[in-house]
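User: Could you walk me through how the labels on this model are justified? I would like each value set against its cut-off.

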Amino acid sequence: MAKYGVEETKQLPYRNVQLSPTLRGEIHSVTADLFPGDILVLGVRARLRLPAAVSLRQTFTSVQSLRSAKTIPPVDTLFREMAMLARGVKDGGRDSCRYESFFALSLGLPLEPLELERQTENLNPDLVAALIGSPSAELLRPELVERVLSQSEDLNSKAVGEKLLINRQGIAYVRPRGLYSGPHANRYARTRDLAKLALYARAFLRDDSGFSQSDGAFAEFIASRLQQWIEYPMLVFENSVSHTHTWERLIESFLLADRLQAWSALRTAEGSDEMHAYARQQPDWWLK
């Protein structure tokens, strides 16, 4: 991390990290969760204070570059180094470590809860732009903004002082800055944890590594558990309507129901020894 001006330290946080050309912050945690099927979910959590802006629109615009780990050099480096460690690659393999990026952004705005609600109509285009990655909120069509908001409508039926939007690219959450005791306890952290499970479910059901062929019985067991989560969210989260709505939105965003159906159909269609042999080959076997 030294080449990014990060002071050498034996423990987190990494302080004063250049996250973008205009923003510095602290990296507070680096995590790696290895799930069945050799699926590694890496996470980097950073916190920053945004400089005072003339308008809230400028505040939203300033965080656009933080939507993807691939556009934040020190975070990108952390992900690639961790992937190398997981694969047992010591040298020279960083550039070959590919990954998909998913962001979770929580903004504490300098507004009181009721004031935030009153300004919702003005903030909506900016929040949608942050979610979908549009640099110009003012150029978004009103019908697009309304469609994105309606997809997360159930998530925002309980509280007037906060707003949560979710799609397959990430999470955008706004709340009043400072102490805020809304009706959702630890909402951002819990949403982020559910998103991690959704990311795993998507990767597992893609079966890019051929896990369903190399360890069929275990794969069937994992799939049965995922099926319960995907098809019966009301039973999984019977004590929390908010968690149910959040998980249902993630199921919809990641097309998990369709992926589960496709995974099951492909498993049923497989059968020949030759097909299993090809499925266990490296992804680029056909290039050799």
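Analyst: Happy to. Axes here are lines fitted to C-alpha atoms, for helices over the stretch in contact, and angles run from 0 to 180 degrees between N-to-C directions. Please keep in mind that this is a predicted model. With that convention, helix 6 and helix 10 (residues 241–253) pack at an angle of about 40°, and their axes are 10 Å apart.

User: What makes the crossing of helix 6 and helix 10 left-handed or right-handed?

Analyst: A crossing counts as right-handed if the near helix is turned clockwise from the far one by less than a right angle. Helix 6 passes helix 10 in a right-handed crossing. On the helix 6 side, the contact is made by Arg 190, Thr 191, Leu 194, Ala 195, Leu 197 and Ala 198. Helix 10 contributes His 243, Thr 246, Trp 247 and Leu 250.

User: Why does Leu 197 count as buried, exposed or partly exposed?

Analyst: Buried requires under 20% relative accessible area and exposed requires over 50%. Leu 197 has 30% relative accessibility, so Leu 197 counts as partly exposed. Leaving aside neighbours within four places in sequence, Leu 197 is in contact with Phe 35, Trp 229 and Trp 247.

User: Why is the pair of Phe 79 and Tyr 99 called edge-to-face?

Analyst: Two cut-offs decide this: ring centres within 6.5 Å make a pair, and planes over 60 degrees apart make the pair edge-to-face. For Phe 79 and Tyr 99 the values are 5.3 Å centre to centre and 75° between the planes, so both conditions hold. Phe 79 lies in helix 2 (residues 73–87) and Tyr 99 in the loop between helix 2 and strand 4 (103–109), so the pair ties together parts that are 20 residues apart in sequence. Both Phe 79 and Tyr 99 are buried.

User: How do you know that the charged end of Lys 70 sits over the ring of Tyr 99?

Analyst: The distance part of the test asks for NZ of Lys within 6 Å of the ring centre. The charged end of Lys 70 is 5.1 Å from the centre of the Tyr 99 ring, and it sits over that ring.

User: What makes Phe 204 and Phe 211 an edge-to-face pair?

Analyst: Their ring centres are 6.1 Å apart and their planes stand at 70°, so this pair is edge-to-face too. Phe 204 and Phe 211 are both buried. They belong to one aromatic cluster with Phe 35, Tyr 200, Phe 218, Phe 221 and Trp 263. Across the whole structure, the search finds 11 aromatic pairs.

User: Why are strand 1 (14–18) and strand 3 (39–47) said to stand at the edges?

Analyst: The sheet is open, with three strands in the order 1-2-3 and antiparallel pairing. Strand 1 and strand 3 each have a single partner strand, so one side of each is left without a neighbour in the sheet.

User: How do you know that strand 2 and strand 3 pair?

Analyst: Pairing needs at least two bridges. Nine bridges join strand 2 (residues 24–35) to strand 3, so the condition is met. In one of them, Asp 33 has Val 41 of strand 3 as its bridge partner.

User: What makes strand 4 and strand 6 (residues 170–176) partners?

Analyst: Strand 4 and strand 6 pair in the parallel sense over seven bridges, and Leu 105 stands opposite Ala 172 in strand 6. The side chains of strand 4 alternate: Phe 103, Leu 105, Leu 107 and Leu 109 point to one face and are buried, while Ala 104, Ser 106 and Gly 108 point to the other and are not.

Methods
Residues numbered from 1 in each chain as written. Predicted model: local features only at pLDDT ≥ 70, side-chain atom pairs only at ≥ 80, totals over all residues. Heavy atoms only, no water. Phe/Tyr/Trp six-rings, centres within 6.5 Å; stacked < 30°, edge-to-face > 60°. Helix = DSSP H or I, 4+ residues; strand = E, 2+ residues; numbered from the N terminus. Buried < 20%, exposed > 50% of the residue type's maximum accessible area, 1.4 Å probe, protein only. Lys NZ or Arg CZ within 6 Å of the ring centre and 35° of its normal. Contact = heavy atoms within 4.5 Å.
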